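Work through the exercises below with the sequence and the coordinates open. Try each task before reading its solution.

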Amino acid sequence: MKILAHFDFIVVLLIVPLVLISLFLVNELDSALFIKQLKYIFLSLCVAVALFFIPYRRLNYSIIFLYIGLLLLVLAVKFIGVEKNNAKRWIEIPFTSFSIQPSEIMKIALMLFLASYISKKPPPECGYGWKDFGIISSFIILPFFFILLEPDLGTALLILLAGFGVLFLVGVNKKIWITLSIIGLLLAPTTYSIVFSSGLLKKYHERRINDFISGNYPYQVQQALIAIGSGGAYGKNKDMATQSQLNFLPYASTDFIFAYFVERFGLFGALGLLGLYFLLILYLLSICISSTQDLFLRVVSGYIAMLFFLYAGVNICMVLGFAPVVGVPLVLVSYGGTSFITFIALLTILESILAFRFVFEYNAHPTTKWKLFRWPFR
C-alpha cells in the first residue's frame, strides 16, 4: 500500500496519450509497423517491471561499473559496430538476432551516475565551484565525445545539453556560467572550423548545417512544411492526407511523424500535442524544484525533464526548418523500439525512486544520513 501511496500516477496519465497517439498514427501509416510497435510497448512494460524494484540509491559501485561499461561499449561501436540505415550505432549480441544501441543506454547510465555523485557531494549554497564543476563536467563530456566518434551528432549533443542542464538546475556558481558563455561566444567560429576539419563529423553533417544556415531546406523538410501547411486549422481525414499517404513525406512514421500529425489534426491538434509535452515537462521540473532535500530525485527528475524538452523541441524545430536535420525522434510518438524503451526505462526509474522514497533516510538526522550512502571515491 505504501508503494501505491507514493507512486506518481500523474506521470503515467501524461505519457499514455502520447503512446496512444503513436499507435494511432503508426497504424494509419503502416499496419506492419503497428504490430512491431505493439511488441516494443510490451517489451518496454517487461523492462519497466524489472527496473521498478531495483534500489537505485544503494547502487554506488554498480552505477560506477555501469557507467564505465557503457563508455567502453560506446567506444567499441567505432570498431565492431554494425551499420543500419547508413548509421553505425549498434552492436550485435553474439549468437542472437538482436543488437543494442549503447548510446541510448548511456543516457540511463549518465543519469544514475550524476544522481549518485551529486547526492553524495551536494553543492554549497553558492553552487559548485570550478573544481567540482570540472569533475562533474568530465562525467558528461566523456560520453559526448565517445558518441560523437560513432558519429552520432544528435545524440551526443542532446546528452551534453541534458547533463549540463541538470548542473544548472542543481546549482553552479553563476560566475562560471557567465565566464563560459563569454568564452563560448568568442571561440564559436574557431570551434566550428576545428570540428569540421578534424574529421569527427561526416560530410552530410556539414551539408545539413550549411543548408540550415543558408536557409536551403532539404527535401524532407520541404515536404514536411507542405504537409503541415495543408493540414490547416483542423486537419484532414486519412484519405485526404496526400503528403503521407502518397509517400511524398519521407520518414513519416519516425523522425517526421509530427508533420503527419499536423496534416491529420491541423493547427489545433499541434497545439494540443505541444501542450501535452509542456505539461509533462513542467510537472517533471516541479518534482525537481520541490525536491530540495533529495538530490538523487532532483537530478533524476531534472535530467528526464531536460531530455523530454530537448528531444521534443529539437524534433519539432527540425521538422519546421528551425534546426538542422539530426535524426532525433519525437519522443514516445515516433515509431521505433530503442528510443521508446529507453524513455520508458527512464520514467520507470523515476517512478521507482518516488515510490520507494519512504525506505531511504534522506530525512534522517544529518549526522547519520550520509553513512548509508557513501560515495566510494570521497
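Helices here are DSSP runs of H or I with at least four residues, numbered from the N terminus. The model is predicted.

**Exercise 1. The nonpolar patch**

Task: Find which helix gives the largest share of the nonpolar patch.

Solution:
- Start with the members. Trp-130, Ile-178, Leu-180, Ile-182, Ile-183, Leu-186 and Leu-187 form a nonpolar patch on the surface.
- Take the area. Together these residues have about 700 Å² of accessible area.
- Assign the helix. Helix H8, residues 174–197, supplies six residues, the largest share.
- Check one member. Ile-183 sits in helix H8. Its relative accessible area is 39%. Partly exposed runs between the 20% and 50% cut-offs, so Ile-183 is partly exposed.

**Exercise 2. Positive phi outside glycine**

Task: Locate Tyr-251 and Leu-332, then decide for each whether the residue is buried or exposed.

Solution:
- Take Tyr-251. Its phi is positive, about 55°, yet the residue is not a glycine.
- Place Tyr-251. The loop between helix H11 (242–245) and helix H12 (257–290) holds this residue.
- Classify Tyr-251. Exposed means over 50%. Tyr-251 has 53% relative accessibility, so it counts as exposed.
- Take Leu-332. Phi is near 70°, again positive in a residue other than glycine.
- Place Leu-332. This residue lies in the loop between helix H13 (295–320) and helix H14 (338–355).
- Classify Leu-332. Buried means under 20%. Leu-332 has 3% relative accessibility, so it counts as buried.

**Exercise 3. Helix H13**

Task: Test the span of H13 against its expected value, then ask how many of its residues are buried.

Solution:
- Compute the expectation. The rule is 1.5 Å times one less than the number of residues. For the 26 residues of H13 this gives 38 Å.
- Compare. The end C-alpha atoms of H13 are 37 Å apart, which agrees with the expected span.
- Count the buried residues. They number 21 of the 26 in H13, so the helix is largely enclosed by the rest of the structure.
- Look past the end. Gly-321 follows H13, with a positive phi near 85°.

**Exercise 4. Cysteines**

Task: State how many disulfides the whole structure has, and classify Cys-288 and Cys-317.

Solution:
- Apply the cut-off. A disulfide needs two cysteine sulfur atoms within 2.5 Å. The search of the whole structure finds zero.
- Classify Cys-288. Its relative accessibility is 1%, so Cys-288 counts as buried.
- Classify Cys-317. Its relative accessibility is 29%, so Cys-317 counts as partly exposed.

Definitions and conventions:
Residues are numbered from 1 along each chain as its sequence is written. This is a predicted model: local features need pLDDT of at least 70, side-chain atom pairs count only at pLDDT 80 or more; totals for chains, interfaces and linings use all residues. Side-chain values use heavy atoms; hydrogens and water are left out. Patches are made of residues with over 30% relative accessible area and no salt bridge: like charges are joined within 9 Å, nonpolar side chains (Val, Leu, Ile, Met, Phe, Trp, Tyr) within 5 Å. Accessible areas come from the Shrake-Rupley method with a 1.4 Å probe; for residues, only the protein chains shown count as cover. A salt bridge is a side-chain nitrogen of Lys or Arg within 4 Å of a carboxyl oxygen of Asp or Glu. Helices (H or I, at least four residues) and strands (E, at least two) are DSSP runs, numbered from the N terminus. Buried means under 20% relative accessible area, exposed over 50%, partly exposed in between (1.4 Å probe, protein chains only).
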